[in-house]
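Look at the sequence and the model. Then work through the questions below.

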Amino acid sequence: MESIVIAVTGASAQILAERAIDLLLRSDYSIDVILSKGAYEVWNSENNIQVPLDSVKQEYFWRNRFNNNKGKLTCHKWNENSAGIASGSYITKGMVILPCSMGTLGRIASGCSIDLIERCADVHLKEGRPLIISPRESPFNLIHLRNMSFLSEAGAKIVPCIPAWYAHPKDLQEMIDFMVVRLFDTLNIELKEINRWKVKI
Ligand SMILES: Cc1cc2nc3c(=O)[nH]c(=O)nc-3n(C[C@H](O)[C@H](O)[C@H](O)COP(=O)(O)O)c2cc1C
C-alpha cells in the first residue's frame, strides 16, 4: 500500500498532528512520520511529554499512546536524509505538513532542503505529487504570505486548520476532528471511526 508522509514541525497545535496520526492508523493506512527538531520541543511544551528521538522507540510510543495496532507506522528522524521517502522513486499517496512552521515553509519555498521534511516536500513538488501544507502562525508577515503564494504556484495546497462554527462543535475534540477530517479531504483520504454527521460537515 502506498504510504502517506506526515511531517510535524515546530509550530503550535501538535494535538492536530497527534489526532491525524491516530486516525490514519485506525483507518488502516500506511504512514511515514517525521518530526522536525523543533517539533520535539513544541510537543514537550504543549503536552509535557518527551517524544522519543529513536525511531523504533517512537513507534512504540505512538502505539501505546493510541492503544492502536492498526495500519503501518514508520517513524523517521529529521536528519535521516537517506530514508526511502527522500527519493522520488518511493511512491507515496502524498505528504501532509501539520502543523507547518514558518521556518519549514520558508526553507521549502526557497528550494533549500536541509532536513528530511524539506527534502520530502521538495520531492513531492518535483514529482507532481500532492503536498498539503497546514501553516500555523498569526499574524502572517509579508514574507510568510509570499512564501505561501509561491508554494501554491509550485503545486502545493495551503490548508490552514481553521474551525468552522457552522459545525456547532460541542467540545475541543469535535473541533479538532472537524479540522483534521477537512484537511485529509483535500487528499481524498477517508478517515474512519469519525462520524461526519457528528462534526456536521
Ligand atoms: C512553544 C512553541 C511554539 C511555537 N509555535 C510556532 C508557531 O505556531 N509557528 C511557527 O512558525 N513557529 C513556532 N515556533 C517556533 C519554531 O518552533 C521555530 O522557528 C523552529 O526553529 C522551527 O523549526 P522547524 O521548522 O524545523 O520545525 C514555536 C516555538 C515554540 C517553542
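Ligand shell, core and one helix

Q: Which helix gives the largest share of the shell around the ligand?
A: This is a predicted model: local features need pLDDT of at least 70, side-chain atom pairs count only at pLDDT 80 or more, and totals for chains, interfaces and linings use all residues. Residues are numbered from 1 along each chain as its sequence is written. Helices are DSSP runs of H or I with at least four residues, strands are runs of E with at least two, and both are numbered from the N terminus. Six residues of the shell, the largest share, come from helix 2.

Q: How many residues surround the ligand?
A: A residue counts as near if its C-beta atom, placed from the backbone, lies within 6 Å of the ligand. The closest are Thr 9, Gly 10, Ser 36, Gly 38 and Gly 103. The total is 17.

Q: Which residues of helix 4 are buried?
A: Buried means 20 or more other C-beta atoms within 10 Å of the residue's own; exposed means 12 or fewer, and partly exposed lies in between. In helix 4 (102-110), the buried residues are Thr 104, Leu 105, Ile 108 and Ala 109.

Q: Why do the buried residues of helix 4 line one face?
A: Look down the helix axis and take the directions from it to the C-beta atoms. The buried residues of helix 4 line one face because they fall within an arc of 130°.

Q: Which helix gives the most to the largest nonpolar core?
A: Such a core joins buried Ala, Val, Leu, Ile, Met, Phe, Trp, Tyr and Cys residues through C-beta atoms within 7 Å. The largest one has 54 residues. Seven of them come from the top contributor, helix 1.
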